[in-house]
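Colleague: Got a minute to walk me through this one?

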Amino acid sequence: MSHFVFITLLAAFPALSTDMYLPALPIIQEQMGIPLATANLSLVLFFVFFSFSLLIYGPLSDRVGRRPVLLGGITIYILGSLLCALSQSIWLLVIARIIQAAGAASASALSMALAKDLYTGAERQKVLAYMGVIVPLCPMLAPLFGSFVLEFASWHWIFVCQAVLATLAMYGSITFDEPEFEKIRGSVWKVVSRYSAVLSNMPFSLSCFTFSFMGIGFFGFLAGSADIYILTYGLTEQEYAIFFGFNALGFMLGSFLCSRLCIGMTSMEILQGSLLGILVSSIALFFFGHTAIGFAITMFFMTFSIGVSRPVSNHMILETVDSDVGTAASILTFTYFILGAFAMQFISFDWVSKPVVISQMGIAAAIIPLVALFFMRRKHKLAHQVEQEQE
């Protein structure tokens, strides 16, 4: 298994863990007689515990190595998947999903760290962009696969399939050549203290926090899409899977465009353009998202713009650190997903129009990083002027 294929498989764990069973959420809600906000706890708490687990795996891998952490995490994931398959109540399912999340975090955190270990400069930016093209195939195909399973079996079997897929990542973890890097020595407290060292890097902290807002509209869509398409617009599970796959196609095409643009444009130019795309598409969603087709098309362009922005923003954030890469990658992924978890719970409330709320999330997702970029460029310009005056 090549390095690129292995890293891409690891990066796909969050999508494999969520999108495959999204078509089953209305069925789970009906079978268990629970409201959407309760059913969505299996999504929201997954991402909450997934996010906090990231903070453990990053520095732990910096201390003991990438392979041992991956082997342990994927084993936990497989166990959690099998427990999900055996769950008969929403609370047992939620607990099993938390265990599953604790394992999935190892794969997601270390995919970013391995990208930093194995690739440099423009090559890394292109690799991240290509990953952004391939990884969205999972949310394109996973709901279709999940709806196919639902035609012939219960939703429990979806989690059995996830456990089987995870064995491929287990095989890759055993066979890949672990890259050499300088490991952290000392006590556990010293390992934990690296978070303070990384967060004290202001360029990293500012860009990491503000750029992570870009995905909140998408996470709102992720948690609300089944309710919107199936219960509001009356689509079947299979039709919903097709509409969801159409949205994921936007992410894939956006990442592919990013891989082309990074050849002749600066990272700053690409990011600014993609943020404007998120803003315009979110405004369009506010006005035209009241039908299934209008919602699908405007969400497509929002997700397309996020697909353009995500690889280049990750690259810009990673460029601000030279050491403690695993820790930095954990903070980066944690911030992105914990904000996403809040967005998923927010959309689960009984809103009059969920598409309107998602559009408002998208507008905030564009404005916050655009304001941060303005101040970052202004600070850089002032620093450059000071250097010229000193010369």
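What follows is a quick chat about helix packing, a salt bridge and a surface patch.

Modeller: Sure. It's a predicted model, so local features need pLDDT of at least 70 and side-chain atom pairs count only at pLDDT 80 or more, while totals for chains, interfaces and linings use all residues. Residues are numbered from 1 along each chain as its sequence is written, and side-chain values use heavy atoms, with hydrogens and water left out.

Colleague: OK, how many salt bridges does a search of the whole structure find?

Modeller: One, counting a side-chain nitrogen of Lys or Arg within 4 Å of a carboxyl oxygen of Asp or Glu. D227 pairs with K354 at 3.6 Å, N to O.

Colleague: And which helices do D227 and K354 lie in?

Modeller: D227 is in α13 (residues 216-232) and K354 in α18 (residues 354-390), so the pair ties together parts 127 residues apart in sequence. Helices here are DSSP runs of H or I, at least four residues, numbered from the N terminus.

Colleague: Switching topic: which residues of α5 and α6 meet?

Modeller: From α5, Y57, G58, L60, S61, D62 and V64; from α6, R66, P68, V69, G73 and I76. Contact means heavy atoms within 4.5 Å.

Colleague: What's the mix of nonpolar, polar and charged there?

Modeller: Six nonpolar, three polar and two charged, with Gly counted as polar.

Colleague: Last one, which helix gives the most to the nonpolar patch?

Modeller: Helix α9 (residues 137-152), with three residues. L137 is in that helix α9.

Definitions and conventions. Helices (H or I, at least four residues) and strands (E, at least two) are DSSP runs, numbered from the N terminus.
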